[in-house]
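Reader: Could you take me through one part of this model up close? I'd like the sheet near the end of the chain, and then how the surroundings fit in.

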Amino acid sequence: MSEDLITLTFPDGARKTFPKHSTGLEVAESISKGLARNAFSITLDEDVLDLDRPIDRDGKISINTWGSEDGQYTFWHSSAHLLAEAVQELYPEAKFGIGPPIESGFYYDIDFGDRSFGQDQLAAIEKKMLELARTKSEFKKREVSKDEALNFYKEKNNEYKVDLISELEEGTITFYEQGNFTDLCRGPHLPDTSPIKAVKLTKVAGAYWRGDVNSKQLTRIYGITFPKQKMLDEHLEQIEEAQKRDHKKLGKELGIYMMDSMVGPGLPLWLPNGTVLRRTLEAFLRDEQKRRGYQEVITPHIANLELYKTSGHYPYYKESQYNPMEVDDDEYMLKPMNCPHHHRIYANDLKSYRDLPVRLAEFGTVYRYEQSGELNGLSRVRGFTQDDAHIYCTHDQLKDEIKHVINLTQYVFNTFGMPVDIRLSFRDDNESKYGGDSEYWERAQKEINEVADELELDYKIVEGEASFYGPKIDFIIRDAIGRKWQLGTVQVDYVMPERFDLTYVGSDNEKHRPVIIHRAPFGSMERFVSILIEHFAGDFPLWLAPVQFAILPISDDFNDYANVCAEKLNSIGARYEVDSRSEKIGAKIRDAENRKIPYMFIVGEREQEESTVSVRRHKHGDIGTFPFDEFLGKVKEEIDSMELPPKPKK
RNA sequence: GCCAGUGUAGCUCAGGGGUAGAGCAGCGGUUUUGUAAACCGCCGGUCGUCGGUUCAAAUCCGGCCACUGGCUCCA
């Protein structure tokens, strides 16, 4: 093969040769004009490159358009520069920090000096961005020396860029220029600004320079852009849809929980409907755990400070705990975690290897002093209940126990129809971040990996995400509208057995250290309920719905028959309400629909005579008339099988 | 904790220096109803809170509190 040719492999596996130094644009053009027109950048192996960059090596290539993640990143990265250019035009004194693309859009961190910057100013910037985009300014790349780069920003008094450049190596520094704006940037970028057709700046936030609380706080402007106005409209609609599902809104409407300033921030009060929901979830997990050999325990809400000193959590997490209180001559603290209590229960008597594994479970309520700005509805609170359990086992049992736990966790999420991504969180090279014997770590990570393979899990390994005391398996679920939430974790712990001097007597008659697995499929009941509300948009499966049935008599004359039906529902342990108000049936239906009650039974003369009910399913309308006893059997089955709600019809 | 924003009736929201408004909900009546809102009447507010400016503050200014969106943190 000639040295002047390169071979590129396309995503579909096709290989083609091109003259060396062909650009991405030329490669795209060779496929189709349309592709070339829509191309933003290319990805060559792992590198995302400008379209006009000459390609001088063989590799796997993909042409990035709006349809690919790399393409969107290129688009939003360029949009961040456009935002900066607009800001520079309107606020010449502004100094720029960093402006990367993110999962959904981009942001730029900007120092506006002493000037206060708020939402109101965004509209003008949006307008300016569109105006600048229409000028079709090219993104021009330029290599600069370190000195030149430093001088450029020193002259502008921009300490942030100087800070960034000082960490870069000579020969790798590039500037991108569009219009009157020049930015330190690795690229790549769009050929020019013209594809940016729709702009929305979404929010303003304070953000510390380099994420360091001790550094200056810059103003972060978030935004998102699209190549078509229609896409922006759709995006805004999606946001609206998400807001309709917001658990804070639905939690109030459906009577799930309340917050009260007299009780205190971050301390939710569970209302009757929410309590049904939570207790039902707890019963579900409790039954499952009983079946799987867990023993339930109960521990108090406060404990002597010594306990947390022994565990090492105090003073390490002092900042995020409620202050200790003095009791007699000792100090006591609201419990920030359940583990130490369970460890003491384990240590209560001498354990033989025959006793292991010991699986102690508790719906344990804990209190943590979260920073005020962090509190958020039910998903971030200061008092919450973990579905906690600690499994004490031998090293030989570890693999099986991890399997058990993964199995349980998957079963749980499957029940709610939530797809799960699995992440193995291992340690990195930074020894000082982790406790325990590295030999054990290696072994545990290997075993976790083996278990994941044996269970044929689809997982990814992330180094550096392990906890202080051991590697973790994190379960990341996706809800009904595709948002990701990190829920249950499984953590292997080698540190606490040492700290609490936990032992068991082996078959060799010697004392050994057990290994501990911490796990909580839901994480916390509060957070899980918040996610469930949003996942189901308040339309809970029948088995979970706080009120499952509404009986709606057509008029007062049929209240008696309604009560007969109610009595039957009662006998199967169902949750129901009879709406005997003097309202028209339409109004009763509307109320029941708004309250998202899964089934409505409408009873009038016909139904009374024939011992039937006319059934409406929430969101689906009239589904027909059934003999009541027969239908009762059906719904009982739906409850027992924990069926998911039917998909809403279009 | 920091940045930005919000706070008016139980709920959703209007008003923006000169006597506090609507719809829904609630209560009292009338109506007895067939698949997403019957009608009439009534009740309901120290306009988050404390202070300042003013003849006069829900409205302007400041402190505090709570909430929202981010940042930081998350055993």
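Author: Here is a walk through that sheet, its helices, two loop residues and the RNA side.

Keep in mind that this is a predicted model. For context, chain A has 650 residues, and buried ones make up 50% of them. Its secondary structure comes to 20 helices and 35 strands, and the C-alpha trace spans about 85 × 75 × 60 Å along its principal axes. Among contacts in chain A with a separation of 6 or more, 68% link residues 24 or more positions apart.

Now the sheet. It is open, has five strands in the order S32-S31-S33-S34-S35, and its pairing is mixed. The edges are taken by strand S32 (576-578) and strand S35 (621-627); each has a single partner strand, so one side of each is left without a neighbour in the sheet. On average, neighbouring strands here are turned by 25° against each other, direction ignored.

Look at S31 and strand S33 (residues 599-603): they pair in the parallel sense, over five bridges. If you want a spot to find that pairing on screen, Ala-550 stands opposite Met-600 in S33. Helix H17 (residues 559-571) packs on the sheet and touches S31, S32, S33 and S34. The direction of H17 makes about 165° with that of S31. Then there is helix H20 (residues 628-640), which lies across S31, S33, S34 and S35 and runs at about 120° to S35.

Two loop residues are worth a stop. Gln-548 sits in the loop between helix H16 (525-536) and strand S31 (549-553). Is Gln-548 buried or exposed? Its relative accessibility is 2%, so Gln-548 counts as buried, the cut-off for that being under 20%. A polar atom of the Gln-548 side chain lies 2.9 Å from the backbone oxygen of Leu-542. Leaving out residues up to four places away in sequence, Gln-548 touches Leu-542, Trp-543, Ala-574, Arg-575, Ile-597, Pro-598, Tyr-599 and Ile-639.

Ile-554 is found in the loop between S31 and H17. With a relative accessible area of 38%, Ile-554 is partly exposed, a class that runs between 20% and 50%. Its contacts, again without residues up to four places away, are Glu-583, Ile-585, Ile-602, Val-603 and Gly-604. The C-alpha atoms of Ile-554 and Asn-376 are 42 Å apart, and the two residues are separated by 178 residues along the chain.

Finally, the RNA. There are 56 residues around RNA strand B, and Gln-217, Ser-372, Glu-374, Glu-607 and Ser-614 come nearest. Of the atoms of RNA strand B that come within 4 Å of the protein, sugar and phosphate account for 45%. Strand S34 (612-617), from our sheet, is one of the elements that supply at least two residues of the surface near the RNA; helix H18 (585-594) and helix H19 (605-610) are also among them. H18 gives the most, with seven residues. By class, that surface has 18 nonpolar, 21 polar and 17 charged residues.

A few polar pairs to zoom in on: a backbone N or O atom of Gly-206 lies 2.9 Å from a sugar or linking oxygen of RNA strand B. Two others go to bases: a polar side-chain atom of Ser-320 is 3.0 Å from a base nitrogen, and a side-chain N or O atom of Arg-380 is 2.6 Å from a base oxygen.

Notes. Residues are numbered from 1 along each chain as its sequence is written. Chains are lettered from A and ligands numbered from 1 in the order in which they are written. This is a predicted model: local features need pLDDT of at least 70, side-chain atom pairs count only at pLDDT 80 or more; totals for chains, interfaces and linings use all residues. Side-chain values use heavy atoms; hydrogens and water are left out. A residue is near a molecule or strand if one of its heavy atoms lies within 4 Å of it. A polar contact is a pair of N or O atoms within 3.5 Å; within protein, one must be able to donate a hydrogen and the other to accept it, and residues adjacent in sequence count only if both atoms are side-chain atoms. Helices (H or I, at least four residues) and strands (E, at least two) are DSSP runs, numbered from the N terminus. Ala, Val, Leu, Ile, Met, Phe, Trp, Tyr, Cys and Pro count as nonpolar, Asp, Glu, Lys and Arg as charged, and the others, Gly among them, as polar. Buried means under 20% relative accessible area, exposed over 50%, partly exposed in between (1.4 Å probe, protein chains only). Contact means heavy atoms within 4.5 Å. Two strands pair if DSSP finds at least two bridges between them. Axes are lines fitted to C-alpha atoms, for helices over the stretch in contact, and angles run from 0 to 180 degrees between N-to-C directions.
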